[in-house]
Amino acid sequence: MLTDALPRLRFAHLPTPIERLPRLSAQLGVELYVKRDDQTGLATGGNKTRKLEFLVAEALAQGADTLITGGATQSNHCRQTAAAAARHGMRCVLVLGGHAPAQLDGNNLLSTLLGAELRWCGNRARDDVMQATLEEEQASHAPYLIPYGGSNPTGATGYVAAVEELAAQLESGAAGVDRFDATVFASSSGGTQAGLALGVAALGLPTRVLGVSVDEQAAVLKARVADLANQTAARLGLSQRLGPDDIDVDAGYLGGGYAVVGDPEREAIRLAARTEGLLLDPVYTGRAFAGLLDRVRRGLHRPGERILFWHTGGEAALPAFRDVLFG
Ligand SMILES: Cc1ncc(COP(=O)(O)O)c(C=O)c1O
């Protein structure tokens with residue numbers, strides 16, 4: 001295994017299924033499949049479960065009893081970290097952007113239910129609150145700090161392992177096909193894309209790895225992902241090195257900004273739900289799928305191209321966006 005250098009816990013529901021989307025494929029004129037990482041487990045599922053198998057293993061190996069991390073008001077990563085902490089008998093402190101809402105909802109409701117302590121940044125910079133929280137916890141506990149999105153080399157390793165899983169599914173026939181021309185997914189803090197890009201390079205899989213940026217200009221995200229992929233390769237003892245030009249990003253769908261739901265996201269969420277019974281989230285997968293729809297409609301993917309949409313989760317946030325889903 002490419003990831004043998006790092007300790008790993010096994011709590012994710014793996015391998016996640018690969019499903020064909022026959023009705024959307026017929027509508028769009030491409031062969032569309034979905035990799036169900038929304039079903040990885042940990043208080044529903046999502047892409048952070050794979051990262052947390054490595055991150056929590058490292059935390060426990062270091063003797064930690066508390067996980068600290070941070071994110072946006074509706075952070076999926078925080079909800080999944082809270083679940084991982086509960087499952088391993090650890091405390092969890094979450095640093096969330098914005099002010100405490102009048103009523104908890106979506107992910108922050110679930111994080112509270114999972115026993116995490118929520119600290120709202122209000123007008124303070126999140127990095128400052130994270131640092132202050134770490135120092136405070138160090139005085140009384142043994143905390144382990146997980147960066148935003150779990151995107152460091154340890155977390156990204158989860159998506160190197162995911163490529164090995166995909167390769168095995170292609171090889172064994174479990175995918176139903178023997179290759180995908182392109183793999184498309186939502187990219188933000190970059191750990192998912194770094195792991196996928198590195199894994200695909202290391203195994204020599206003939207698939208394009210295309211991240212649809214959720215909140216960052218292409219040049220910034222490409223540099224971040226390449227840097228993280230290279231740090232991850234070094235950690236794992238792999239010889240591959242990637243430059244920003246090796247990282248494929250489409251940043252044409254940033255819309256009104258992070259978590260601002262517009263017509264493209266609304267259309268993508270409704271289309272997937274009503275055509276295939278597939279739930280997407282408003283911030284990440286809805287935006288990425290809207291980007292993919294637009295790219296196919298504009299002819300950026302050839303007719304009949306076989307595309308794997310890697311679903312990264314996030315549906316737990318849906319109730320918190322009830323006011324904008326049907327606008
Ligand atoms: C549902 C969902 N999809 C995609 C992403 C982006 O993944 P990454 O941060 O690894 O780029 C996130 C991360 O916050 C997420 O919650």
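Which residues are the closest of those that surround the ligand? Keep that in mind as you look through these close-ups of a predicted model.

**View 1. Around the ligand.**
Here's the reply to the opening question: the closest residues are Ser-189, Thr-192, Tyr-284, Thr-312 and Gly-314. They belong to a group of 20 residues that surround the ligand. Now look at where this shell comes from: α3 (76-87), β7 and α7 each chip in at least two residues. Helix α7 gives the largest share, with 3 residues.

**View 2. The sheet with six strands.**
Follow the strands across this open sheet and you'll read β1-β2-β10-β7-β8-β9, 6 strands with mixed pairing. At the edges sit β1 (18-20) and β9 (248-250), and each of them pairs on one side only. Going from one strand to the next, the twist averages 30 degrees.

**View 3. From β1 across to β10.**
Let's zoom in on one end of that order. Strand β1 and strand β2 (residues 31-36) pair in the antiparallel sense, over 3 bridges. To find a spot where they meet, look for Ile-18, which stands opposite Lys-35 in β2. On to the next pair: β2 and strand β10 (residues 306-311) run parallel and are joined by 6 bridges. Here Val-34 stands opposite Phe-309 in β10.

**View 4. Strands β7 and β8 with a helix packed on them.**
Strand β7 (residues 182-187) pairs with strand β8 (residues 208-213) in the parallel sense, and you can count 6 bridges between them. One of the matches to look for is Ser-187, whose bridge partner in β8 is Ser-213. Helix α7 (residues 191-203) packs on the sheet and touches both β7 and β8. Compare directions too: that of α7 makes about 170 degrees with that of β8. You've already met this helix in the first view, as the source of 3 residues in the shell around the ligand.

**View 5. The sheet with four strands.**
There's also an open sheet of 4 strands, in the order β5-β4-β3-β6, and its pairing is parallel. Its edge strands are β5 (117-120) and β6 (143-145), each pairing on one side only. The twist from one strand to the next averages 25 degrees. Up close, strand β3 (residues 66-71) and β6 pair in the parallel sense over 3 bridges. Check Ile-68 here: its bridge partner in β6 is Leu-145.

**View 6. Phe-309 and the largest nonpolar core.**
Which residues touch the most other members of this core? They're Val-184, Ala-197, Ala-229 and Phe-309, out of 91 residues in the core. Both domains take part, with at least three residues drawn from each of domain 1 (18-47 + 151-321) and domain 2 (48-150). Now pick out Phe-309 and skip its neighbours within four places in sequence: its contacts are Leu-32, Val-34, Val-184, Phe-289 and Leu-292. You may recognise Val-34 as the residue standing opposite Phe-309 in the third view.

**View 7. A closer look at Ala-57.**
Ala-57 is in helix α2, which covers residues 48-61. Is Ala-57 buried or partly exposed? It's partly exposed, because 17 other C-beta atoms lie within 10 Å, and a buried residue would need 20 or more. Leaving out residues up to four places away in sequence, Ala-57 touches Pro-7, Arg-8 and Leu-9. Arg-10 is worth finding as well: Ala-57 and Arg-10 are 47 residues apart in sequence and 9.2 Å apart in space, going from C-alpha to C-alpha.

Note on methods
Residues are numbered from 1 along each chain as its sequence is written. This is a predicted model: local features need pLDDT of at least 70, side-chain atom pairs count only at pLDDT 80 or more; totals for chains, interfaces and linings use all residues. A nonpolar core is a set of buried Ala, Val, Leu, Ile, Met, Phe, Trp, Tyr and Cys residues joined through C-beta atoms within 7 Å. A residue is buried if 20 or more other C-beta atoms lie within 10 Å of its own, exposed if 12 or fewer, and partly exposed in between; C-beta atoms are placed from the backbone. Domain bounds come from an automatic or database domain assignment. Two residues are in contact if their C-beta atoms, placed from the backbone, lie within 7 Å. Two strands pair if DSSP finds at least two bridges between them. Axes are lines fitted to C-alpha atoms, for helices over the stretch in contact, and angles run from 0 to 180 degrees between N-to-C directions. A residue is near a molecule or strand if its C-beta atom, placed from the backbone, lies within 6 Å of it.
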